[in-house]
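Ready to ask how the words used for a protein structure are earned? Take a look at the model below, and then we can test some labels one by one.

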Amino acid sequence: ATPPMTPPATAPAPNQTSLAEQVTLLLFAAGTDLAALRLTTPPGQNAHDKYQEVLRLDPGNAEALRGLADIGARYVELAWQALNDGDLARATSHLDQATLVAPEAPGIAAAREALAARRAGAQAARTEVTPPGGAPIIERSLPPARGATQDTGAPTPDQQPKRWWQR
């Protein structure tokens, strides 16, 4: 009897997609995720994970490397938006993500400097005072009240409001 015919090991099964097709599909899906701002979340369903999978299948894939750089750049943009909104925590988070995804992304250093300056300015505008046995109190430097003198803070006699019987 003759041995049964087996397909060669290199031939793909009829229901499997080729490596090139997998890469193409992943790149398309990653681009869709990037456009929808699914940059690094949700897990397994984001642009970063898909670009990483492309690089696993095709190391050095230029489009996947460019996609990772685009994710980093987008996080830098989001960080600047958060800075402009005054949300320093969100800006920090976006810059941390940009650094993880694309450490060489342009603009990370400049955004970090702006963030540090904004923090320093916020810190200079308020000081924390802790009373004995109490919780911290934030003191804000306020401008002098209208009509107050620099020395005592009390209005001068000519700035006293006139009472109704003195008019």
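What follows is a set of questions and answers about this predicted model.

Q: What makes up the secondary structure of the protein chain?
A: The protein chain has 5 helices and 2 strands. Starting at the N terminus, the order of the elements is α-α-α-α-α-β-β.

Q: Why is the contact between Arg56 and Glu53 called a salt bridge?
A: The label asks for a side-chain nitrogen of Lys or Arg within 4 Å of a carboxyl oxygen of Asp or Glu. For Arg56 and Glu53, the closest N and O atoms are 2.5 Å apart. That value is within 4 Å, so the pair counts as a salt bridge.

Q: How are Arg56 and Glu53 placed along helix H2?
A: They sit 3 residues apart in helix H2 (residues 47-57), which separates them by about one helical turn.

Q: Is Arg56 buried or exposed, and how do you know that?
A: Arg56 has a relative accessible area of 57%. Exposed means over 50%, so Arg56 is exposed. Its partner Glu53 has 27%. Since buried means under 20% and exposed means over 50%, Glu53 falls in between and is called partly exposed.

Q: What makes Glu77 and Arg74 a salt bridge?
A: Their closest N and O atoms are 2.6 Å apart, and the limit is 4 Å. Glu77 and Arg74 therefore pass the test. They are 3 residues apart in helix H3 (residues 62-85), separated by about one helical turn.

Q: Why are Glu77 and Arg74 called partly exposed?
A: Glu77 has 42% relative accessibility, and Arg74 has 22%. Partly exposed covers the range between 20% and 50%, so the label fits Glu77 and Arg74.

Q: How do you know that Asp85 and Arg90 form a salt bridge?
A: The closest N and O atoms of Asp85 and Arg90 are 3.2 Å apart. This is within 4 Å, so the pair qualifies. Asp85 is exposed, at 59%, whereas Arg90 is partly exposed, at 34%.

Q: How many salt bridges are there by this rule?
A: The count comes to 7 salt bridges. Some are linked in a network, made of Asp33, Arg38 and Lys50.

Q: What makes a group of residues a nonpolar core, and how many residues has the largest one here?
A: A nonpolar core needs buried residues of certain kinds, Leu, Ile and Tyr among them, joined through side-chain atoms within 4.5 Å. The largest such core has 22 residues, and Tyr51 and Ile71 have the most contacts inside it. H1 (19-35), H2, H3 and H4 (88-101) each supply at least two residues of this core. The most come from H3, with 6 residues. There is also a second, separate core of 8 residues, including Leu83, Ala91, Leu95 and Leu115.

Q: Which residues does Tyr51 touch, leaving out those up to four places away in sequence?
A: Tyr51 touches Leu27, Ala30, Gly31, Leu34, Glu63, Ala64, Gly67, Leu68 and Ile71. Each of these counts as a contact because heavy atoms come within 4.5 Å.

Q: Where is Gly31, and why is it called partly exposed?
A: Gly31 lies in helix H1. Its relative accessible area is 31%, which is between 20% and 50%, so it is partly exposed. Gly31 and Ala64 are 33 residues apart in sequence, and their C-alpha atoms are 9.6 Å apart in space.

Q: How do you know that the span of H1 is close to the expected one?
A: H1 has 17 residues and reaches 24 Å from its first C-alpha to its last, close to the 24 Å expected at 1.5 Å a residue.

Q: Which residues of H1 are buried, and what do they pack against?
A: Val23, Leu26, Leu27, Ala30, Asp33 and Leu34 are buried. They cover an arc of only 125 degrees around the axis, which puts them on the same side of H1. The buried residues pack against H2 and H3. On the other side of H1, Thr24, Leu25, Phe28 and Ala35 are exposed.

Q: What follows H1?
A: H1 is followed by Leu37, whose phi is positive, near 60 degrees.

Q: How much of the protein chain counts as buried?
A: Of its 167 residues, 24% count as buried; for each of these the relative accessible area is under 20%.

Conventions
Residues numbered from 1 in each chain as written. Predicted model: local features only at pLDDT ≥ 70, side-chain atom pairs only at ≥ 80, totals over all residues. Heavy atoms only, no water. Helix = DSSP H or I, 4+ residues; strand = E, 2+ residues; numbered from the N terminus. Buried < 20%, exposed > 50% of the residue type's maximum accessible area, 1.4 Å probe, protein only. Expected span 1.5 Å × (residues − 1). Arc of directions from axis to C-beta.
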